[in-house]
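Work through the two exercises below. Try each task before reading its solution.

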Amino acid sequence: MNIHTSAEAAAVAAECPVNSHNEWDPLEEIIVGRLEGSTIPSDHPVVTCNIPGMAARAQSLAAGFRFPKFMIEPAQEELDNFIKVLESLGVTVTRPEPFNHKAKFSTPYWSSRGFCNSCPRDSMLVFGDEILETPMAWPCRYFETHSYRPILKDYFKRGARWTSAPKPQLTDELFDPDFTLPEKGEPLRYILTEFEPVFDAADFFRCGRDIFVTRSNVTNAMGIDWLRRHLGDGYRIHEIKSRCPNPMHIDTTILPLGPGRLLINPEYIDPDELPDILKKWDVLVAPEPDPINDRILKITSMCGKWLSMNILMVDEKRVIVDPHHTNMMRQMEQWGYEPIPAPFLHYAAFGGAFHCATLDVRRRGTLESYF
Ligand code: ABU
């Protein structure tokens, strides 16, 4: 169907189960990740270069084993509560199938075990009525979207467009064998070569017709180009420079809170270096994260301290925040938001917080240009 008027666009949006154009329209349906079957990711350089020191050492010793109960149980409790919070806000919560991620699989070039489904944000992107499976660079995530396939097939039957980027080969040519993390003051570099397009969905955020991305150790220039050509003339993709020495995923670096408002990580983002198109937006500087002193949480976290920024907008006013991060809660209130607390610190061992753990498939709204 060719859409000519905003009434037609609204009618299409009302019918399709997948309809989401930005990070802040009123949330109606969301996919929330799962922890059952979670397996410690494989000991591959593209994995270890992105995991903080202590967790990386533990991970390389335990790669391929199931995550232990003492890590799963508290995170599961937090996840169950987070789902209840979303449901109490009237949001439909959809879940992937439980999956045995410990099962070994092979391609003609390599074999691996899986990882988990904690973070649907990483493997799928939503553009309006389209849901796209992204070509991920971690071998252990090669089949991660399969546990979402029942949901994807259901959305497809109900009218959504369902696509998948070319499945990458992930052979040695994709990874720089001499890669080391850049030291302070050194120019940024990435472990990925330009052998083939790869990108994680979580390296992008959406503001209607304008999409923003950071290059990272899981997203190369060819991946960004692939998506640019796939989306065509109706969208513009802008690259944001991050100073993070081991970038992986944009959602602890910069996030839009609504039209005209950006939350930035002051360590990784220099506001003067933002794309010109964002220069008219208000830049809200994230407060220093509250330190996490619990030894186990510190050792097991796969994430950096700025996970305090990994929040989820329910709409333009309400935002889900971890109550441990009192600086962020208070700052949000001062900026005029209504923070909704949900404890989630144990989920960091599985790769993220609220933004990572979800994929907003339906938000009430239509495709707009905000610039
Ligand atoms: N999406 C995962 C966040 C990664 C990090 O900043 O540690």
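**Exercise 1: the sheet and its helices**

Task: how many bridges join strand S1 to S2, and do the two run parallel or antiparallel?

Solution. The model is predicted.

Step 1. Strand S1 covers residues 27-32 and is joined to S2 by three bridges; the two strands run parallel. One partner pair is Ile31 with Thr94 of S2.

Step 2. Place the pair in its sheet. The sheet is open, has three strands in the order S2-S1-S17, and its pairing is mixed. Strands S2 (92-94) and S17 (358-363) are the edges, each pairing on one side only. From one strand to the next, the twist averages 25 degrees.

Step 3. Add the helices. Helix H4 (residues 69-88) packs on the sheet and touches S1, S2 and S17. The direction of H4 makes about 165 degrees with that of S1. Helix H5 (residues 149-157) lies across S1, S2 and S17, at about 145 degrees to S1.

**Exercise 2: the ligand site**

Task: list the residues around the ligand, then sort the shell by class.

Solution.

Step 1. The list is Met248, His249, Asp251, Thr252, Cys303, Gly304, Gly351 and Cys356.

Step 2. By class, the shell has three nonpolar, four polar and one charged residues.

Step 3. Find the polar contacts. A side-chain N or O atom of His249 is 3.0 Å from a ligand nitrogen. For Thr252, a side-chain N or O atom is 2.6 Å from a ligand oxygen. Gly304 uses a backbone N or O atom, 2.7 Å from an oxygen of the ligand.

Step 4. Check the cover. On its own the ligand has 250 Å² of accessible area, and the protein covers 84% of that.

Note on methods. Residues numbered from 1 in each chain as written. Predicted model: local features only at pLDDT ≥ 70, side-chain atom pairs only at ≥ 80, totals over all residues. Heavy atoms only, no water. Near = heavy atom within 4 Å. Polar contact = N/O pair within 3.5 Å; in protein donor to acceptor, adjacent residues only side chain to side chain. Areas by Shrake-Rupley, 256 points an atom, 1.4 Å probe, with all protein chains shown as cover. Nonpolar A, V, L, I, M, F, W, Y, C, P; charged D, E, K, R; others polar. Pairing = 2+ DSSP bridges. Helix = DSSP H or I, 4+ residues; strand = E, 2+ residues; numbered from the N terminus. Axes fitted to C-alpha atoms, helices over the stretch in contact; angles between N-to-C directions. Contact = heavy atoms within 4.5 Å.
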